[in-house]
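Q: Please take a close look at a single part of this structure, the sheet and the residues packed around it. A connected account would be appreciated.

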Amino acid sequence: MNDASGESPAAEAVAEVTGDPASHRFECRSCGFVYDPAEGVKKVGIEPGTAFLDLDPLSFRCPVCRSKVGAFKDIGPRDKPSGFEENLNFGLGVNRLTPGQKNVLIFGGFALAFAFFLSLYSLR
Ligand SMILES: [Zn+2]
């Protein structure tokens with residue numbers, strides 16, 4: 001195997017990041033899962049020490065949300081000099097029912113019961 005030739009143009013986006021690309025961690029943009037090559041993913045049989053770039057891009061899926069490798073972002077090596085990896089989660093995914101939606105549920109159920117009641121009356 002020889003991958004010394006043909007640098008990917010996409011690499012310039014993370015040109016600031018130093019060190020061996022094989023040690024870089026990758027974060028799933030869908031769910032925030034971080035792939036750490038030092039740990040691998042025991043759950044899906046990926047040995048510790050496996051670089052993200054050595055994973056099979058066709059078969060690897062995020063162990064949490066099943067996203068493909070395209071959803072992962074290079075967040076640099078674990079021992080990076082400064083806070084590259086800020087907390088970028090801004091509370092998305094908190095999906096609570098609004099009072100309006102609750103009203104729709106309640107009113108919908110009420111209307112259904114009422115319609116059922118009416119049909120009973122019409123039988124008389
Ligand atoms: Zn994920």
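**The sheet and its core**

A: In this predicted model, phenylalanine 72 touches Phe26, Glu27, Cys28, Tyr35 and Phe52, leaving aside residues up to four places away in sequence. Phe72 also belongs to the largest nonpolar core, which has 7 residues; the other members are Phe26, Cys28, Tyr35, Phe52, Leu55 and Cys62. As a general background, nonpolar side chains tend to be buried together in soluble globular proteins.

The sheet itself is open and consists of 3 strands in the order β2-β1-β3, with antiparallel pairing. Since β2 (34-35) and β3 (72-77) stand at the edges and each has a single partner strand, one side of each is left without a neighbour in the sheet. Strand β1, residues 24-28, pairs with β2 in the antiparallel sense over 2 bridges. Within this arrangement, phenylalanine 26 stands opposite tyrosine 35 in β2, and both residues are listed in the core described above.

The loop between β2 and β3 contains arginine 66. Arginine 66 counts as exposed because it has 11 C-beta neighbours inside 10 Å, the cut-off for exposure being 12 or fewer. Its C-alpha lies 9.6 Å from that of cysteine 31, although the two residues are 35 apart in sequence.

Helix α1, residues 99-123, offers a further point of reference. The count of buried residues among its 25 residues is 0, so that α1 is hardly covered. At 1.5 Å a residue the helix should span 36 Å, and its end C-alpha atoms are 36 Å apart, which agrees.

Methods:
Residues are numbered from 1 along each chain as its sequence is written. This is a predicted model: local features need pLDDT of at least 70, side-chain atom pairs count only at pLDDT 80 or more; totals for chains, interfaces and linings use all residues. Helices (H or I, at least four residues) and strands (E, at least two) are DSSP runs, numbered from the N terminus. The expected span of a helix is 1.5 Å times one less than its number of residues. A residue is buried if 20 or more other C-beta atoms lie within 10 Å of its own, exposed if 12 or fewer, and partly exposed in between; C-beta atoms are placed from the backbone. Two strands pair if DSSP finds at least two bridges between them. A nonpolar core is a set of buried Ala, Val, Leu, Ile, Met, Phe, Trp, Tyr and Cys residues joined through C-beta atoms within 7 Å. Two residues are in contact if their C-beta atoms, placed from the backbone, lie within 7 Å.
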